[in-house]
Amino acid sequence: MKVVLFCGGYGMRMRSGAADDMPKPMAMVGPRPLIWHVMRYYAHFGHREFILCLGYGAHHIKDFFLNYEETTSNDFVLRGGRTELLSTDISDWTITFAQTGIESPIGERLRRVRHHLDGDEMFLANYADVLTDAPLDEMIDRFARRDAGASMMVVPPQSSFHCVDLGEDGLVGGITAVSDLPLWENGGYFVLRREVFDHIPENGDLVADGCAQLAKRGRLVAHQHRGFWKPTDTVKERAALDAAYARGDRPWAVWERDGAGATAGAGA
């Protein structure tokens with residue numbers, strides 16, 4: 001199944017200065033950028049055809065893959081001055097690089113790569129900046145059995161703040177952690193049918209337009225995930241993931257658990 005990755009946004013909260021044109025999916029976690037971790041996740045489950053919706057800082061993403069160095073995350077033997085890889089990461093990946101505009105909303109980016117889906121009825125989509133250990137195969141199987149146009153992974157609220165219940169007299173009736181409220185957030189992992197295109201207007205949004213319209217029609221389902229899920233919207237969040245990687249705490253690296261996958265790397 002093809003995987004559409006949205007990787008063309010500015011990522012302003014991740015930038016270190018005015019001259020920094022690095023797109024957020026290229027922020028480093030360990031020896032590889034975020035987008036690589038997301039792609040390795042999908043490849044682990046057998047989905048190795050990627051469509052990259054490029055925009056801001058596209059040359060960084062292109063250069064990374066055009067000059068990909070397998071030895072960074074794979075064991076190898078140096079023999080007679082020549083490198084012999086013991087495993088590879090991306091040798092069986094197919095990656096389509098599509099420029100989808102600098103200012104384009106997510107929905108418009110999806111519209112602009114529609115022709116690259118080759119008429120496939122179902123496909124996957126992701127923001128390319130969120131890491132998780134969610135069971136993707138289960139998410140897909142559940143959706144395939146449903147009569148729906150889209151599936152959205154949802155997660156409990158991540159905020160550490162508390163909500164305060166106020167009475168008219170200003171007295172506090174209760175305090176509840178946001179994470180304890182019966183609410184769910186968009187987790188950024190989608191399984192979609194082509195039906196979603198019927199509800200995304202020109203320069204529209206995938207969630208606010210496409211998913212919202214499907215929800216009104218009873219055509220949107222949710223996959224609830226309470227396991228590991230971490231966004232990287234800020235420098236602090238990226239640094240926390242990088243530190244976790246360094247100490248070997250990387251639950252999102254599902255490909256490391258049992259070595260599954262025809263070309264799974266020895267290290268990541």
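## What covers helix 6

Start with what sits over the buried residues of helix 6 in this predicted model: the cover includes strand 2 (28-29), helix 1 (34-44), strand 9 (130-132) and strand 15 (229-231). The buried residues themselves are Arg-238, Leu-241, Ala-244 and Tyr-245. Looking down the axis of helix 6, you'd find these buried residues within an arc of 120°, so they line one face of the helix. There's a simple rule behind patterns like this: an α-helix has 3.6 residues a turn, so residues three or four places apart point the same way.

Turn to the face of helix 6 that points away from the buried side, and you meet the exposed residues Lys-236 and Ala-246. As for its length, helix 6 runs over residues 235-246, which makes 12 residues. From first C-alpha to last it reaches 16 Å, close to the 16 Å expected at 1.5 Å a residue.

## Just past the helix

Right after helix 6 comes Gly-248, with a positive phi of about 85°. On either side of that glycine, Arg-247 and Asp-249 join their side chains in a salt bridge, 3.7 Å from N to O. Arg-247 counts as exposed because its relative accessibility is 59%, while Asp-249, at 37%, is partly exposed.

## Salt bridges across the chain

How many salt bridges does the structure hold? There are 18. One of them pairs Asp-129 with Lys-24, whose closest N and O atoms are 2.8 Å apart. This pair links distant parts of the chain, 105 residues apart: Asp-129 is in the loop between strand 8 (122-126) and strand 9, and Lys-24 is in the loop between strand 1 (2-7) and strand 2. Both Asp-129 and Lys-24 are buried.

Another salt bridge joins Asp-89 to Arg-40, with 3.9 Å between the closest N and O atoms. Asp-89 lies in the loop between strand 6 (82-85) and strand 7 (94-99) and Arg-40 in helix 1, so the pair ties together parts that are 49 residues apart in sequence. Asp-89 counts as buried at 0% relative accessibility, and Arg-40 does too, at 3%. Elsewhere, Lys-2, Glu-49, Asp-118 and Asp-120 are linked in a network of salt bridges.

## A nonpolar patch on the surface

Which residues form the nonpolar patch on the surface? They're Val-164, Leu-166, Val-172 and Ile-175, which together have about 400 Å² of accessible area. Strand 11 (162-166) and strand 12 (172-177) are the elements that give two or more residues to the patch. Ile-175 is found in strand 12 and counts as exposed because its relative accessibility is 60%.

Terms used:
Residues are numbered from 1 along each chain as its sequence is written. This is a predicted model: local features need pLDDT of at least 70, side-chain atom pairs count only at pLDDT 80 or more; totals for chains, interfaces and linings use all residues. Side-chain values use heavy atoms; hydrogens and water are left out. Patches are made of residues with over 30% relative accessible area and no salt bridge: like charges are joined within 9 Å, nonpolar side chains (Val, Leu, Ile, Met, Phe, Trp, Tyr) within 5 Å. Accessible areas come from the Shrake-Rupley method with a 1.4 Å probe; for residues, only the protein chains shown count as cover. A salt bridge is a side-chain nitrogen of Lys or Arg within 4 Å of a carboxyl oxygen of Asp or Glu. Helices (H or I, at least four residues) and strands (E, at least two) are DSSP runs, numbered from the N terminus. Buried means under 20% relative accessible area, exposed over 50%, partly exposed in between (1.4 Å probe, protein chains only). The expected span of a helix is 1.5 Å times one less than its number of residues. The arc is that of the directions from the helix axis to the C-beta atoms. Contact means heavy atoms within 4.5 Å.
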